[in-house]
Amino acid sequence: MSLNGIFMPFPQPQCEAVFLQRPQRFLAEMSFPDGTKELVYCANSGAMAGFILPGSKTLLWESSDRKRKRRYTWRAVEYEGNWIGTDTHLSNHLVEEALRRKIVPGLENYDTLVREHAVEAGFRVDFKLSDSDGDCFVEVKTSTVVENGVARYPDSKTPRGVKHLKALARLAMEGNRVVLLFLVQRADAESFSVSNLTDTAYAEAFEQALTVGLEVIVLEVPVYPEGFGAPRLLPYKKLIVNL
């Protein structure tokens, strides 16, 4: 694909490798074309079950910082002919770009954007948007698992996510506009749902937050070797489901 069709290019340089195993949550072992093997950083705390298989083609970003403990960061994996993003750190960059271009439905009219805004002790919301009518607080989460056409979150236990949900609920109860934005880093989902399959505490906290005014926006982005395609709005199911 030409860069003309890319919404946000991947930072360079990057290279291809083959996935071997994931010995720890934040580490993955890769095999390189020259036959060498190396542990790379995995910026994704989720299980990513079902689509990271030994022998899968991957994309890695290579850091120029030789003091960095891990030279490479795992960016994407190919599964059934499609690329799936594995670097959750890129989600906030992509959402920020979409917010600045004013293409996120429902959030187009805000004039200013502040990143990592402190709202209470121990919690910074990803974005604070403001206009003459007030503020909107936006928290971003990444979804990479799709089953039967439904993208879901979370795909592993996330005590930190539960803590964030409760903080967002408190913000909403104070009369603020609060949005939880899920970014699906793959293009084969038809809808999205928060599932209680892996973390019932998160599902319960999510349902409670909805009752006090939490809003939900879901964006899906196609992933290519060159970067992310344009985001599109994805419908979500309000009911907590056990997929």
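## Exercises: a pocket, a helix and a sheet

The largest pocket holds about 990 Å³ of space. Keep in mind that this is a predicted model.

**Exercise 1.** Work out which residues lie nearest the centre of the largest pocket, and which elements line it.

*Solution.* Start with the lining, which has 38 residues. Nearest the centre you'll find S45, T88, V140, K141 and R160. Now go up to the level of elements: helix 1, strand 8, strand 9, strand 10, strand 12 (150–153) and helix 2 each give two or more residues to the lining.

**Exercise 2.** Check whether the length of helix 2 agrees or disagrees with 1.5 Å a residue, then find what its buried residues pack against.

*Solution.* First, the length. Helix 2 covers residues 159–173, which is 15 residues. The expected span is 1.5 Å times one less than the number of residues, so helix 2 should span 21 Å. Its end C-alpha atoms are 21 Å apart, so the two agree.

Next, the burial, with under 20% relative accessible area as the cut-off. The residues of helix 2 that pass are G161, V162, H164, L165, A167, L168, A169, L171 and A172. As a reminder, residues three or four places apart in an α-helix point the same way, because there are 3.6 residues a turn.

Then look at the partners. The buried residues of helix 2 pack against strand 8 (112–120), strand 9 (123–131), strand 10 (134–143), strand 13 (177–184) and helix 3 (200–211). Finally, step just past the end of helix 2: G175 has a positive phi there, about 95°.

**Exercise 3.** Lay out the order of the six-stranded open sheet, and name its edge strands.

*Solution.* The order is 8-9-10-13-15-18, with mixed pairing. Strand 8 and strand 18 (232–233) are the edges, since each pairs on one side only. Helix 1 (residues 89–100) packs on this sheet and touches strand 8, strand 9, strand 10 and strand 13. The direction of helix 1 makes about 10° with that of strand 9.

**Exercise 4.** Take strand 15 and say in which sense, parallel or antiparallel, it pairs with strand 13 and with strand 18.

*Solution.* Begin on the strand 13 side. Strand 15 (residues 215–220) pairs with strand 13 in the parallel sense, over six bridges. Two facing pairs help you find the register: V179 is opposite E215, and F182 is opposite V218.

Now turn to strand 18, where the pairing with strand 15 is antiparallel, over two bridges. Here E220 faces R232.

Last, check the burial: five of the six residues of strand 15 are buried, so the rest of the structure largely encloses it.

Definitions and conventions. Residues numbered from 1 in each chain as written. Predicted model: local features only at pLDDT ≥ 70, side-chain atom pairs only at ≥ 80, totals over all residues. Heavy atoms only, no water. Helix = DSSP H or I, 4+ residues; strand = E, 2+ residues; numbered from the N terminus. Buried < 20%, exposed > 50% of the residue type's maximum accessible area, 1.4 Å probe, protein only. Contact = heavy atoms within 4.5 Å. Pairing = 2+ DSSP bridges. Axes fitted to C-alpha atoms, helices over the stretch in contact; angles between N-to-C directions. 1 Å grid on protein atoms, 1.4 Å probe; cavity = no way out; pocket = protein on both sides within 12 Å on 5 of 7 lines; lining within 4 Å. Points joined across faces, edges and corners; volume = space filled by probe spheres on them.
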